[in-house]
Amino acid sequence: MSSKSTKRKVTETFDSLKSKKPKLVSGEQQQQQHGKPKFVKPKSFGDSLSKKERRVQAKELTEARKKKRKPHYNLEQELASLWEKMRRRDIGKEDRSKLISEAIRKMKGKVPEIAVSHVSSRVLQTCVKFCSQAEKDALFAELQPQFLNLASNKYAVHFIQKMLDGASKQQLAACIFSLRGHVAPLLRHLFGSVVVEHAYRLGTAAQKQELLAELYSTELQLFKGLTSSTEKTVVDIIAKLGLQKGAVNRHMTAIIQPILEKGIVDHTITHKLLIEYLTIADKTSAADVLQLLTGSLLLRMVHTRDGSRLAMLSIKHGSAKERKKIIKAMKEHVTKMGFYQFGSMVLACIFSIVDDTKLVTKIIVRELEASLKDLVMDKNGRRPLLQLLHPNSSRYLSHDDLAALDLSVPSLCSMDKSDTSSKTKDTDGNESGEETKDEQDDTVAEHTDHEENVTAMGGKKDPLVRRQELLVNSGLAERLIDVCVENAEEFLKSNFGKEVMYEVAIGGSDGILCPSLSEKLYELYEAISSVAAKPKPQESGKDSEHILENFHSSRTIRRLVLDCPGFASTLFKKALSGKCRSWAQGHCSKILSAFLETEDFQVREMAKTELQVLVSEGTLKISAAKKPE
């Protein structure tokens with residue numbers, strides 16, 4: 001009986017506990033119980049306002065915060081509305097000038113504060129672009145006292161660039177004078193360096209030298225007028241002023257190192273500074289700088305004259321590992337570089353120096369093959385191809401280009417000579433042509449960390465073997481001949497394409513194409529002769545001009561007749577035999593006279609019967625000085 005009653009009591013107590021619910025306690029009661037304040041969400045928040053009203057309320061709060069944070073917020077809003085009207089293309093000049101005058105009037109006395117805003121700085125740029133000279137002078141007068149502060153601002157820098165573009169000589173000189181003593185800190189700044197570069201580009205030669213000289217020495221930074229226009233390099237300045245070379249080296253190192261570490265290497269003044277630094281730097285400092293430049297940084301420098309020279313120096317004095325890193329960084333950028341005036345010379349330098357022809361073929365040659373036609377027709381794009389076909393030719397490369405290919409770092413070059421002279425005795429027995437791998441010549445120096453940066457200039461491979469591997473073994477020459485066959489007439493009439501066509505047709509320098517591609521060259525001769533065999537067009541015009549009468553193509557064909565007997569015989573048999581009388585006038589007469597002037601006996605005898613009659617009649621003239629013996 002007792003056990004049953006105890007079970008009933010337990011179940012009753014369990015059911016009573018389940019049926020009990022927690023009591024709701026208000027916020028005031030919780031505060032009284034615990035003594036701690038607790039945030040209570042108001043009932044009216046979000047319930048009484050619609051979504052649209054909440055958005056309006058949030059917008060009003062944002063506007064209120066902006067008004068507190070920006071003292072000229074209302075003025076910026078007014079200027080933005082004026083800017084939307086003045087920048088339209090369909091607005092008249094008078095209406096635009098009225099809007100600009102109104103905007104400048106509202107900004108008067110507040111230009112430095114407004115220029116740092118991302119909206120108002122654009123208004124200022126538009127005003128400077130279209131305003132009158134008097135209004136421009138007024139804006140410049142307000143800008144001048146705060147020039148240095150604004151030069152480091154993210155948005156004001158664009159306004160300063162516009163002001164410098166339209167500045168007079170006196171105003172530009174005043175801005176450059178404001179930079180005095182601050183060039184080095186600004187070059188280390190991401191936005192300040194843009195202002196220094198813009199002033200450097202617009203300045204005269206004397207002003208450029210003044211900006212650069214400040215980076216050479218502390219004395220030149222403090223005192224003005226120590227240098228003249230005759231001292232153009234840091235070596236000349238050291239010799240004239242008697243400065244200590246070590247002190248100048250340390251001063252320039254302290255400026256250059258943070259610039260390179262931050263990667264601010266896009267500017268011309270920085271490239272010039274680095275070139276001058278390498279002329280006086282010791283071997284360790286020069287090697288460190290070139291090693292820092294190795295990789296993607298060089299791609300941002302090859303668009304300038306000095307930047308491309310820095311890239312060439314890095315390739316010349318770099319180790320196999322560094323050269324490989326430079327070439328791999330060029331992947332997918334080779335074609336774009338080829339069309340640059342200075343970037344094309346970097347590619348020509350790689351073709352002349354790097355021994356790892358497999359890597360060069362894989363990354364550079366394959367990418368150039370995809371745009372061969374455009375490269376042949378381009379003034380700059382043809383240079384790498386001509387460097388392979390006819391290396392270091394003064395006919396295709398200017399004196400400055402050839403000097404750039406021969407440039408070297410004095411300290412590293414002297415060490416190279418001492419290193420190579422000491423190693424010749426040990427390596428004479430191993431240089432008998434036993435190395436067959438492409439990377440073997442370039443990987444010798446990879447085991448020593450210090451010697452990686454002072455590898456001898458140029459490659460160890462025979463230049464003819466390197467050209468053979470890059471041009472013939474890679475398939476580039478065969479593809480180039482096919483492109484010339486497909487576009488024979490267009491290339492011959494082109495001022496730039498004719499040079500590549502000539503070099504390909506004669507088989508390149510040293511006859512590099514002739515042994516293995518003689519059949520392909522014969523196809524090219526047939527293609528040119530087929531175009532030359534076409535009848536004279538009845539319509540006159542440059543587009544319809546025959547290749548034997550065109551100025552560029554006639555000169556190129558004449559050179560080919562004189563220098564390439566195989567082409568001369570094919571051309572005469574297919575296009576000129578029996579038709580010489582009709583071509584004896586104009587530009588074509590120079591081609592016919594070349595058959596009698598050539599040194600090849602068989603070609604002369606082949607054309608002599610038909611051409612001698614024209615010479616006797618006086619129809620075809622040939623200079624006595626050009627007759628072969």
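Helices here are DSSP runs of H or I with at least four residues, and strands are runs of E with at least two, both numbered from the N terminus. Everything shown comes from a predicted model, in which local features need pLDDT of at least 70, side-chain atom pairs count only at pLDDT 80 or more, and totals for chains, interfaces and linings use all residues. Residues are numbered from 1 along each chain as its sequence is written, and side-chain values use heavy atoms, leaving out hydrogens and water.

**View A. Ser509 and Asp510 share the loop between α33 and α34.**
Welcome to the loop that links α33 (497-505) with α34 (514-532), where Ser509 sits. Is Ser509 buried or exposed? Ser509 is buried, at a relative accessible area of 18%; buried means under 20%, exposed over 50%, and partly exposed in between, with a 1.4 Å probe and protein chains only. Setting aside neighbours within four places in sequence, Ser509 is in contact with Leu389, His390, Pro391, Arg467 and Glu503, where contact means heavy atoms within 4.5 Å. Asp510, in turn, is exposed, with a relative accessible area of 63%. Have a look at its backbone too: Asp510 has a positive phi of about 65° although it is not a glycine.

**View B. Glu332 is a residue other than glycine with a positive phi.**
Phi of Glu332 is near 70°. You will find Glu332 in the loop between α22 (320-329) and α23 (334-338). Glu332 is exposed, its relative accessible area being 67%.

**View C. Gly203 is a buried residue in the loop between α13 and α14.**
The flanking helices are α13 (192-202) and α14 (205-213). The relative accessible area of Gly203 is 12%. Which residues does Gly203 contact, leaving aside its neighbours within four places in sequence? They are Leu172, Ile176 and Lys208. Ala173 is worth finding as well: Gly203 and Ala173 are 30 residues apart in sequence, with their C-alpha atoms 8.0 Å apart in space.

**View D. UniProt lists residues 142-178 as "repeat: Pumilio".**
This label comes from an unreviewed entry; UniProt positions are given in the numbering used here, feature names are shortened, and annotations may be inferred rather than shown by experiment. In the model, the span is 73% helix and 0% strand, and its end C-alpha atoms lie 14 Å apart.

**View E. Helices α18 and α19 cross at roughly 150°.**
The axes of α18 (residues 268-280) and α19 (residues 283-293) come within 9 Å; axes are lines fitted to C-alpha atoms, for helices over the stretch in contact, and angles run from 0 to 180 degrees between N-to-C directions. That makes α18 roughly antiparallel to α19, since angles over 145 degrees count as roughly antiparallel, those under 35 as roughly parallel, 65 to 115 as roughly perpendicular and the rest as oblique. Leu274, Tyr277 and Leu278 of α18 make the contact with Ser285, Ala286, Val289, Leu290 and Leu293 of α19.

**View F. Helices α36 and α38 cross at roughly 25°.**
Here the axes of α36 (residues 565-576) and α38 (residues 601-617) come within 10 Å. That angle makes α36 roughly parallel to α38. On the α36 side, look for Pro565, Ala568, Ser569, Phe572, Lys573 and Leu576, which meet Val603, Met606, Ala607 and Glu610 in α38.
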